[in-house]
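This briefing introduces a protein chain to a reader who has not met it before. The sequence and the model are shown first, and the notes follow by topic.

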Amino acid sequence: ITQLLNRWRAGDQEAMHQLAPAVYGELKRLASYYLRREPAGHTLQSTALVHEAYIRLVQQEAVNFQDRAHFFAICARMIRQILVDHARKKKAAKRGGGMTLVLEKGMEAAGRRELDLVRLDDALMALAQFDEQQSKIVEMRFFAGLSVEETAEVLSVSPRTVKREWASARAWLYRELSGEPA
C-alpha cells in the first residue's frame, strides 16, 4: 500500500486504480465497525460510506500520503466528516434525532451508553483549539482504528506519548461530553 501511495503521489494514476481494491476491505471493515454501533434502522450503509470516502479521497488535489498509516488517518478524517455531515442533516430533518457512537468502553457518561456524534465532533474541534495533537490522536485511534504504534508513526512521536495524550484526551472528552465539572 505504501508503494502504491508513493507512486500515486508521484502522479501515477494507475497506482490510484490499483490502490482501491487493496484498501477497500480495510475501509469497509472500518465503516462497518462504526455503523455496527449505530441504532437500528440507521440509513447510512458501510458500502456507501466507503464509496463516499473514496470519492473524496480521489478528489484531493494535493495527495501527499507518507505511508499506509497516514493514508488511513486521512481516511478516518474523511469518514468522520461524512458521518458528522450525515448526523447534522438527520438532526436538521428530525429535531432531537441524530447518530450516536460509543467513544470507548468505560468512557460512557453515567447512565448513557452512547454519545452524540455531532457533539463529539464539536468537542474534538474545541480540543484541537488548545491541543491539536490530542485531537489528531483521538481521530486516528477512534475514527481510523490505528494502533498506538501506527498513530505514533504518523505523528512522529513515541508510542508512550500517544498513550499519555490518548488518556488525557479521553478524560477531557468524557468531562466535555458528560457535562461533569472538571
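**Leucine 27 and its surroundings**

Leucine 27 has a relative accessible area of 3% and is therefore buried. This residue is part of helix H2. The model discussed here is a predicted one.

- Leaving aside residues up to four places away in sequence, leucine 27 touches Val50, Phe72 and Cys75.
- Between leucine 27 and leucine 49 there are 9.0 Å in space, C-alpha to C-alpha, while the two are 22 residues apart in sequence.

**The chain as a whole**

- The chain holds 8 helices and 2 strands.
- Read from the N terminus, the order of its elements is α-α-α-α-β-β-α-α-α-α.
- The chain has 182 residues, and 45% of them count as buried.
- The exposed area of the chain is about 9,600 Å², of which carbon and sulfur atoms supply 49%.
- Among contacts with a separation of 6 or more, 62% are made by residues 24 or more positions apart.

**Helix H2**

- Helix H2 covers residues 13-36, and its 24 residues should span 34 Å at 1.5 Å a residue; the end C-alpha atoms are 34 Å apart, which agrees.
- A bend of about 45 degrees occurs in H2 at valine 23.
- Valine 23 is also one of the buried residues of H2, a list that further includes Ala15, Met16, Leu19, Leu30, Ala31, Ser32, Tyr34 and Leu35.
- The N-terminal end of H2 is capped by aspartate 12, which has a side-chain oxygen 2.9 Å from the backbone nitrogen of glutamate 14.

**Methionine 78 in helix H4**

- Methionine 78 belongs to helix H4, which comprises residues 68-93.
- With a relative accessible area of 4%, methionine 78 is buried.
- Its contacts, not counting residues up to four places away in sequence, are with Ala53, Arg56, Leu57 and Gln60.
- One of these partners, Leu57, is 21 residues from methionine 78 along the chain, and the C-alpha atoms of the two are separated by 7.9 Å.

**Helix H6**

- Helix H6, residues 132-143, has 12 residues and reaches 16 Å from its first C-alpha to its last, close to the 16 Å expected at 1.5 Å a residue.
- The buried residues in H6 are Gln134, Ser135, Ile137, Val138, Glu139, Met140, Phe142 and Phe143.
- Glycine 145 follows H6 and has a positive phi, near 70 degrees.

**Helix H7 and the loop after it**

- In helix H7, which runs over residues 148-155, the buried residues are Val148, Thr151, Ala152, Val154 and Leu155.
- These residues lie on the same side of H7, because they cover an arc of only 165 degrees around the axis.
- Just after H7 comes serine 156, with a positive phi of about 55 degrees.
- Serine 156 takes this positive phi although it is not a glycine.
- The loop that contains serine 156 lies between H7 and helix H8, the latter being residues 159-178.
- Is serine 156 buried or exposed? Its relative accessible area is 63%, so serine 156 is exposed.

Conventions:
Residues are numbered from 1 along each chain as its sequence is written. This is a predicted model: local features need pLDDT of at least 70, side-chain atom pairs count only at pLDDT 80 or more; totals for chains, interfaces and linings use all residues. Side-chain values use heavy atoms; hydrogens and water are left out. Buried means under 20% relative accessible area, exposed over 50%, partly exposed in between (1.4 Å probe, protein chains only). Helices (H or I, at least four residues) and strands (E, at least two) are DSSP runs, numbered from the N terminus. The arc is that of the directions from the helix axis to the C-beta atoms. The expected span of a helix is 1.5 Å times one less than its number of residues. The bend at a residue is the angle between axes fitted to the seven residues ending there and the seven starting there. A polar contact is a pair of N or O atoms within 3.5 Å; within protein, one must be able to donate a hydrogen and the other to accept it, and residues adjacent in sequence count only if both atoms are side-chain atoms. Contact means heavy atoms within 4.5 Å. Accessible areas come from the Shrake-Rupley method with a 1.4 Å probe; for residues, only the protein chains shown count as cover.
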